[in-house]
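Me: I am learning how the words used for protein structures are justified. Could you take me through some of them, setting each value against its cut-off?

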Amino acid sequence: RVTMYKFNDNSGFNINNITSNNLTVYFAIQFSQLDFDESIIKGNNFQVLIENGNLTLEVNGIKKLIGVQTRKLYFLVLSIDNSTSSINLRLDMFEETIEFNNSSDINSIRIGGVNTENDFFTGRIGNFVIIPRTYSKEVICNASRLCQIVEESCSNYTQENKCNSSSDMS
């Protein structure tokens with residue numbers, strides 16, 4: 001069981017003093033709506049957001065999209081890897097990567113959007129972890145029950161397109 005926290009217009013928060021140019025952020029997530037754009041993670045020159053009904057990774061104006069549904073439990077992993085000059089977004093079995101050259105420290109990120117910018121997140125986030133280095137999927141799955149929880153929630157499905165299995169996320 002994952003304890004999920006409901007976000008609203010006052011739930012967003014900053015994580016400051018990130019003195020690394022590598023980062024891994026992972027958590028369980030549920031989307032409550034897909035009709036309005038919502039910020040989930042925002043940093044300097046990158047963000048993960050709901051845009052036009054899709055989960056979107058945007059880096060320096062370049063966008064990659066992943067289709068999502070409401071009220072479904074997903075496992076989201078965002079990795080910034082300075083050694084490969086990339087940002088990688090994984091959502092269960094789906095993965096998108098964009099080139100990202102960042103030689104300086106990440107410094108800070110915003111989780112959940114900003115009320116005054118009307119881009120605040122209205123879904124749920126649980127088991128939130130942030131690490132100032134890049135971790136593989138295997139290390140994350142060994143350190144967290146999120147892979148297993150998503151797999152269990154998918155166990156009644158037989159078709160891959162009906163449920164995204166985290167065990168296939170590589």
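Reply: What follows is a set of questions and answers about this predicted model.

Me: What pattern does the protein follow along the sequence?

Reply: Read from the start of the sequence, the pattern is β-β-β-β-β-β-β-β-β-β-β-β-α-α, and the protein has two helices and 12 strands. Of its 170 residues, 50% count as buried.

Me: Why is the link between Lys-42 and Glu-117 called a salt bridge?

Reply: The name requires a side-chain nitrogen of Lys or Arg within 4 Å of a carboxyl oxygen of Asp or Glu. The side chains of Lys-42 and Glu-117 meet at 3.9 Å, N to O, so the pair satisfies the cut-off of 4 Å. The pair links distant parts of the chain, since Lys-42 belongs to strand E4 and Glu-117 to the loop between strands E11 and E12, 75 residues apart.

Me: Are Lys-42 and Glu-117 buried, exposed or partly exposed?

Reply: Buried means under 20% relative accessible area and exposed means over 50%, with partly exposed in between. Lys-42 has a relative accessible area of 34% and Glu-117 has 49%, so both residues count as partly exposed.

Me: What makes Glu-96 and Lys-64 a salt bridge, and how do you know that Glu-96 is partly exposed?

Reply: Their side chains meet at 3.9 Å, N to O, which is within the 4 Å that the term demands. Glu-96 lies in strand E10 and Lys-64 in strand E7, 32 residues apart, and the pair links distant parts of the chain. Glu-96 has a relative accessible area of 22%, and because buried means under 20%, the term partly exposed applies. Lys-64, at 30%, is partly exposed as well.

Me: Why does Arg-90 count as buried, and which residue does Arg-90 form a salt bridge with?

Reply: Arg-90 has a relative accessibility of 11%, and since buried means under 20%, the term applies. Its salt bridge is with Glu-95, the closest N and O atoms being 3.6 Å apart, whereas Glu-95 is partly exposed at 32%. A search of the whole structure finds five salt bridges, including these.

Me: What makes E8 a paired strand?

Reply: Two strands are said to pair if there are at least two bridges between them. Seven bridges join strand E3 to E8, and these strands run antiparallel, while E8 and strand E9 pair in the antiparallel sense over six bridges, so the requirement of at least two is satisfied on both counts. Leu-23 stands opposite Ile-80 in E8, and Val-77 stands opposite Arg-90 in E9.

Me: How do you know that strand E8 is mostly covered?

Reply: Eight of its eight residues are buried. Tyr-74, Leu-76, Leu-78 and Ile-80 point one way, and Phe-75, Val-77, Ser-79 and Asp-81 the other way. In a regular strand the side chains alternate between the two faces of the sheet.

Me: Which polar atoms bring Asn-22 and Asn-82 together, and why is this called a polar contact?

Reply: The backbone nitrogen of Asn-82 lies 2.5 Å from a polar atom of the side chain of Asn-22, and because a polar contact needs N or O atoms within 3.5 Å, this distance meets the cut-off. Asn-22 is found in the loop between strands E2 and E3, and its contacts beyond four places in sequence include Ile-80, Asp-81 and Ser-83.

How values were computed. Residues numbered from 1 in each chain as written. Predicted model: local features only at pLDDT ≥ 70, side-chain atom pairs only at ≥ 80, totals over all residues. Heavy atoms only, no water. Buried < 20%, exposed > 50% of the residue type's maximum accessible area, 1.4 Å probe, protein only. Helix = DSSP H or I, 4+ residues; strand = E, 2+ residues; numbered from the N terminus. Contact = heavy atoms within 4.5 Å. Polar contact = N/O pair within 3.5 Å; in protein donor to acceptor, adjacent residues only side chain to side chain.
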